[in-house]
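Below are my notes on the model you sent. They are set out as numbered points, from the whole chain down to single elements.

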Amino acid sequence: MGASACKGGEMPVVKQTPTIMVGCIDYCDQIRTIWDGMKQYFLKAGVDFDFVLFTSYERQVEALMGGFIDIAWNGPLAHVRTQKRTSNTSLSLGMRDVDCGFVTHIIVRKNAGITDLSGLKDRRLAAGARDSPQACILPMQYLKSERVPLDTLRVTFFDRDLGKHGDTAMGEVEVMNELAKGNFDAGFVSDLMWQRALSSGDVNGGKGEELQILETAKVPLFNHCQFDALSSLDVKKKQDFEVTLFKMDYNKQDDRRIMQLEGIREKWERPAEEGYSTMRDALAQEPNVPFPPFMYRMEEHPFKEFAVA
C-alpha cells in the first residue's frame, strides 16, 4: 500500500481512477461474502466499485486520511476519530437502520446484591476489549458521568481482537462467561450479545450463576457504524455511492440477501450525527494523532485495580 503513496505532488492512486474504493474491517468469515455482494450490486448498477479489507480500524482511518481509499465503513470510535482528525470536515454518507439507537447494558450477578450504581463501589468489574465502544468506552463514560467512584473499582479488560473495536464481540462473551463463574460482580455487554446469549442458553441456562441487567442503570443510546469520506471526495464518486446505496431494496431478493448478511432490518439510513455525542465526550481528552493509545493503560488509569486478561 505504501508504494502507491503520492510522490512529487502526484495524487494518491484512488484520486486517479473512477473506481470507488471502500475500506471495511475483516472481523468475521462472512465479510468477504458481504462485500463481494456489495461489489456485484454496485457493478450491476453501472458504478465502478471495489473494496479492501483491513485488520484494524486504526489502519483503515490512516488509509482514508492518506487517500488510499475513498470511503471507510467505520464503527463509532473510528467515525469520531475521523471527524477529529479532519477538524469536523469529513463527510458522513450513511448507516444501517440497526446502527441507530444501539443499546448496551451493565449486567450483574443476581446474588451480588447490586440494585443501583451505588452498589458498584468496591466491586469487581469485567469490561470487553479496551477499544470496544459498547463493552468498554461508552459504559465507562456513563459511569464517569454518573460520578461512580472509579477509584474503588477492580477492573479487568478482556482484550480480544484489538483493533476491531469490539466487532467480533469475543470480549463480551468472556465478560458473560466470567460473571457466570462468579469471578466478577458486574460487567458491560451490548444488548445484541445479551439477547443472543439468552436465546442460546449460554446465559441463565443452568450454566453457572444467574445474570441480569441492572435496570436502574441506563447507558445512553448511541449510533454505531457510519460510512466516512474526506471532504475532498470526488463529487461524482460521492453522488454515485449515495444514490446507489440508498436504492438497495429489501423487497428485492438479491438485495435483501446482502442486506440481511449486513444485519439490516429494512433499509440503509441517512447519517444521524446526534447518536455520536457520548463518544465525542468520551474522546474529548484523547490525543488527536494517528494510532492513539488506549484510554486505559497500566501506567495511566483511574481504577483501584487494573488488569488485562
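1. The accessible surface of the protein is about 14100 Å², and carbon and sulfur atoms account for 48% of that area. These values, like those below, refer to a predicted model. Of the 309 residues, 52% count as buried.

2. On overall dimensions, the C-alpha atoms fill a box of roughly 60 × 45 × 30 Å along the principal axes. The radius of gyration is 20 Å; a compact globule of 309 residues would have one near 19 Å, so the two agree.

3. Charged side chains number 38 positive and 45 negative. The centres of these two sets lie 0 Å apart.

4. The secondary structure consists of ten helices and twelve strands. Taking contacts between residues at least 6 apart in sequence, 76% join residues that are at least 24 apart.

5. An open sheet is formed by six strands, with mixed pairing and the order S2-S1-S3-S10-S4-S11. The edges are held by S2 (49-54) and S11 (268-269); each has a single partner strand, so one side of each is left without a neighbour in the sheet.

6. The parallel sense is found between S1 (residues 20-25) and S3 (residues 71-74), which pair over two bridges. Within this pair, Val22 has Ile71 of S3 as its bridge partner.

7. How is S4 paired with S10, and over how many bridges? The sense is antiparallel, and there are three bridges. Leu91 is bridged to Ala229 in S10. S4 also pairs with S11, again in the antiparallel sense, here over two bridges, and Arg96 stands opposite Trp268 of S11.

8. S4 spans residues 91-96, and five of these six residues are buried, so the strand is largely enclosed by the rest of the structure.

9. Helix H3 (residues 57-65) can be described in similar terms: seven of its nine residues are buried, so the helix is largely enclosed by the rest of the structure. The buried positions are Tyr57, Glu58, Gln60, Val61, Glu62, Ala63 and Leu64. Two glutamates, Glu58 and Glu62, are thus listed among the buried residues of H3.

10. What do the buried residues of H3 pack against? Their partners include three strands of the sheet, S1, S2 and S3, together with strand S10 (226-229) and helix H4 (76-85). After H3 comes Gly67, which has a positive phi, near 85°.

11. Tyr276 deserves a separate entry. This residue lies in the loop between S11 and helix H10 (277-282). Is Tyr276 buried or exposed? Its relative accessible area is 0%, and buried means under 20%, so Tyr276 is buried.

12. The surroundings of Tyr276 come from distant parts of the chain as well. Its C-alpha atom is separated by 8.9 Å from that of Leu77, although the two residues are 199 apart along the chain. Leaving aside neighbours within four places in sequence, Tyr276 is in contact with Pro76, His79, Val80 and Met95, and also with Asn223, His224, Cys225 and Gln226.

Methods. Residues are numbered from 1 along each chain as its sequence is written. This is a predicted model: local features need pLDDT of at least 70, side-chain atom pairs count only at pLDDT 80 or more; totals for chains, interfaces and linings use all residues. Side-chain values use heavy atoms; hydrogens and water are left out. Helices (H or I, at least four residues) and strands (E, at least two) are DSSP runs, numbered from the N terminus. The radius of gyration is taken over C-alpha atoms; the globule rule is 2.2 Å times the number of residues to the power 0.38. Buried means under 20% relative accessible area, exposed over 50%, partly exposed in between (1.4 Å probe, protein chains only). Contact means heavy atoms within 4.5 Å. Accessible areas come from the Shrake-Rupley method with a 1.4 Å probe; for residues, only the protein chains shown count as cover. Lys and Arg count as positive and Asp and Glu as negative; His and the chain ends are not counted. The place of a charge is taken as NZ of Lys, CZ of Arg, CG of Asp or CD of Glu. Two strands pair if DSSP finds at least two bridges between them.
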